Amino acid sequence: MTEITKEIVAEHGLSESEYERVLSILGREPNRTELGIFSVMWSEHCSYKSSKKWLKTLPTEAPWVICGPGENAGVVDIGDGQAAIFKMESHNHPSFIEPYQGAATGVGGILRDVFTMGARPIANMNALRFGQPDHPKTRHLVSGVVAGIGGYGNCMGIPTVGGETNFHSSYDGNILVNAMTVGVAETEKIFYSAAAGIGNPVVYVGSKTGRDGIHGATMASAEFDDDSEEKRPTVQVGDPFAEKLLLEACLELMATDYIVAIQDMGAAGLTSSSFEMADKGGVGIRLDIDKVPMREEGMTPYEVMLSESQERMLMVLKPGSEEAAQKIFEKWELDFAIIGEVTDTGKMILTMHGEIVAELPVAPLADAAPEYDRPWVKTVAPAPIKASDVSPVKDLGNALLTIMGSSEVASRKWIWEQYDHMVMGDTIQRPGGDAAVVRIHGTDKALAITTDCNPRYCYADPEMGGKQAVAETWRNLTATGAKPLAITDCMNFGNPERPEIMGQFVGCIEGMREACIALDYPVVSGNVSLYNETKGVGIHPTPAIGGIGLISQSDHMATIAFKSEGETVLLVGDTSGDLGQSIYLKEIEGREEGAPPVVNLDVEKRNGDFVRDSIHSGLVTACHDISDGGLAVALSEMALAGNIGANVSIQSDLPSHAICFAEDQARYVITTTATNAEKLLQNAQKCNVPLQNIGTTGHNELKIENTLAISIKDMRHVHANWLPDLMTVPGHE
Amino acid sequence: MKARVTISLKNGVLDPQGKAISHALHGLGFDNVGEVRQGKIIELELGDISASDAPSVVDKMCTQLLANTVIENYSVELLD
Amino acid sequence: MKAAVIVFPGSNCDRDMKVAIEQSLGTSPIMVWHGDSELPDTDLIAVPGGFSYGDYLRCGAIAGNSPIMREVVKKAAAGTPILAVCNGFQVATETGMLPGALLRNANQKFICRDVHLKITSQNNRFSGAFKVDDVIRFPVAHHDGNYFADDETLSRLEDNGQIAFKYSDEDGTVSSKTNINGSCNNIAGIYNEAGNILGLMPHPERLISDQLGGTDGKLFFDNLINSLN
């Protein structure tokens, strides 16, 4: 047996003090397999050692929350005995190294997290961040990631209904690929991962184990250097067809009462799934490595335990049910193997060829996982930039066209047309709006789903940015008429060992916490991805938030498209006109400066509740929240979606460029019929909500009196073409 | 015995992947590359089968499943 | 009237097909698992979209050789109407029930969106809800929908009125600009010579209510079910 040298310990990403802790837990030196297990279990990815202290501060409870963070995914009650199960997860490093497979297996992993708990997935979303559009790698990465997400989700037959995409230089060397899945289960049929029942069989199902992705979890916890492209062999290859079979087989098995516990094999494969099941159940597990279905010959226990082969699950079954369960998996032509049993030893004991190859105490290994209170410094928030600090450009019409055709605002249709967003026949709001809306099959209910984060805001002021990201998802859900229920968070940051990065993390969490509390909108699942750095340069802090909301009657839903000519256009909310961190400042002035817009959570809630009530009362014909790019962009998007223009005039003391492009929060544009406008204005007054009649829909241009007039045709041209033009190789169709 | 089946698109059937590869090679400075056709290779391990039977059996596999003769050509190479 | 939907392990539009048939028929179609060797007698067999057996090798190739498809081919030869959508169309060409083949989209990308289709021949059973030259809207969602057939086959299809739909614009203009995937002659769907098999890449089952964005698919299914009743 190899001697464990300092170098081997370092290669496994364990610090000296962590190794000391290993020695004291075992009372001896670990062998190679045991060291490998410690290394993945104590990696940042599995142990959350840098983030745990702060994640604990987030609110995770509400009367409708059935299961918060800690399981495979979060669970919320949606009435009628049904639950929505959802989570977002990162697959950043693998996607940078091999974009197609990295993104595809990211989708595969998050799908498994959701169907492991008994849910049939009903929608996928994704939040993507790429480097600058003209960075030499960007086109290759965008094209591979989008094809990979589509390739997996399309084959599975789960609609990918939207998401968000940013381009920024801070992601040049570290793209972010965050995938989210939402599923629906019966509240009585939710499956958890705690192993139980001494002597119960531990069963492996799914695809065979190969040498794929060994050390993916530790890779996800290390900074990149120039050699990263050498790490290619560690990337797993996805087989969506196998996953489709696994999904159907698991759901068929879940309809019986044979399952005691079930856990998918994700990062750190068999190791983390078996340890988590044992730890949660307070039991031991004995595994016979020889019985694991293997794809390659001569695999060592180290390789079997650390393999990240995809499309696999681990279950504990009730005794006596093995044969019936096996039949289901045979029907779906998947491997089924009893590889061990639940024990009362409190130990994980692995045997191969009749010999013990690893023997580790479960609870101490889990409990003694390192937890760090990393030093951090608060980001100094920059000063606001008032409208008067920015001299306006002469032609604001041109400015609007520049913004509509910019990397920030231009249409993402080129991306979502590569995703099957309609399969399953329940997508009642397709990508391109504020949130996607998917009906709960066979009911009149629907779920609204969105992902949001503005990394520029988070970089300038992490606390405000974190607050804004949560508030924006809440607002996007509200704009469809949904009642926001809960969020999942995917925290993407740089190296936490640097105090300023840790400060960004702490700030974002604090902002998120405040917003979640004020909006009664808890965190039920999430994921942390740290060390997103190349050569010491970190990404913008990116706490991607995925929110879901419930629409209890699907005809009580709003979309962003102007519906017909001659309708009244109303602006909800106040405008301060600050331009710090706005897209106007970035695209027109070439500056990313100043404080992001202020989020006032009381105002947010008041205005949002008013908008939702108005939608429910049937008074609203279209609704769009105002975010990136401000009022002029929101109006443009509504005009483009409905192919109907508008003529508006805004009463304000602010200069025109601030009226058009300020990104003040808690604002919406709504439309209503001419006869209902007065009623809405009266209702708003009663609720103390600022509501202003700003004009009328009609014609084929967007006209803002005394400011600009742009035809829908010109607008569509710049908006639609930016991304296809970027992605077309010159001279080649 | 092993058989190696090479499958390619028939002449006249548009091969967008081949076209993309050709374009990319030109982009990398390989100016002397002309038309590129992409195909696939399938390696088969054959069990108990005599060398004289093998060609016709593999040919059957090709026409029945491995190649779609509406759009594809195939060739078979037998290896020891 | 009875209808059957063939279900392969990788089918994923089988439920959508079932819902669309149910909506027009009032009763559920029989879902036939690929492993079943018996195919019940029905008035309509639908082969739905999806990835049948993962679509490895070529889309629909493995399914085209499956025992259940051999049964479908027999029923089709005896005159049972067959509706083969998307992957079903790929499978149908692989079995030889329909001529030609479906190649990777010319732009090499998966395409999911609504498209306009011009009705190019009258077949009362399948397109009786529409007239020749009408323009309808169905969604597509495919990676391999680029219809190919040799010139001789194409002129036979044109001459016999076997081309059901062509990709067009809203006004019915059929051009290279409206050819979303590189299909020969903009072909989106074809009939067999006897006219009892329709294979098409677009998904009529996806636009069956206003809430889903349109009802051309509902018109299609209502007519199909009525004409078979």
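In this predicted model, helix H22 (residues 630–642) of chain A lies across strands E22, E23, E24 (646–648), E25, E26 (691–697) and E27 (701–704) of chain A, and its direction makes about 140 degrees with that of E23(A). Helix H24 (residues 677–686) of chain A also packs on the sheet, where it touches E22, E25 and E26 of chain A and runs at about 160 degrees to E26(A).

The sheet beneath this description is open and has seven strands in the order E23-E25-E22-E26-E24-E27-E28 (chain A), with mixed pairing. Because strand E23 (622–625) and strand E28 (708–711) of chain A each have a single partner strand, they stand at the edges, and one side of each is left without a neighbour in the sheet. On average, and with direction ignored, neighbouring strands of this sheet are turned by 20 degrees against each other. Within it, strand E22 (residues 568–572) and strand E25 (residues 668–672) of chain A pair in the antiparallel sense over five bridges, and A:Val572 stands opposite A:Tyr668 in E25(A).

Turning to charged side chains, the whole structure holds 58 salt bridges over all chains. In one of them, A:Lys53 meets A:Asp373, with the closest N and O atoms 3.6 Å apart; this pair links distant parts of the chain, since A:Lys53 lies in helix H5 (residues 52–55) of chain A and A:Asp373 in the loop between helix H14 (362–367) and helix H15 (396–404) of chain A, 320 residues apart. A:Lys53 has 31% relative accessibility and therefore counts as partly exposed.

Another salt bridge joins the side chains of A:Glu604 and A:Arg475 (2.8 Å, N to O). A:Glu604 lies in helix H21 (residues 601–616) of chain A and A:Arg475 in helix H18 (residues 462–479) of chain A, so the pair ties together parts that are 129 residues apart in sequence; A:Glu604 and A:Arg475 are both buried.

Methods. Residues numbered from 1 in each chain as written. Chains lettered and ligands numbered in written order. Predicted model: local features only at pLDDT ≥ 70, side-chain atom pairs only at ≥ 80, totals over all residues. Heavy atoms only, no water. Pairing = 2+ DSSP bridges. Helix = DSSP H or I, 4+ residues; strand = E, 2+ residues; numbered from the N terminus. Axes fitted to C-alpha atoms, helices over the stretch in contact; angles between N-to-C directions. Contact = heavy atoms within 4.5 Å. Salt bridge = Lys/Arg side-chain N within 4 Å of Asp/Glu carboxyl O. Buried < 20%, exposed > 50% of the residue type's maximum accessible area, 1.4 Å probe, protein only.
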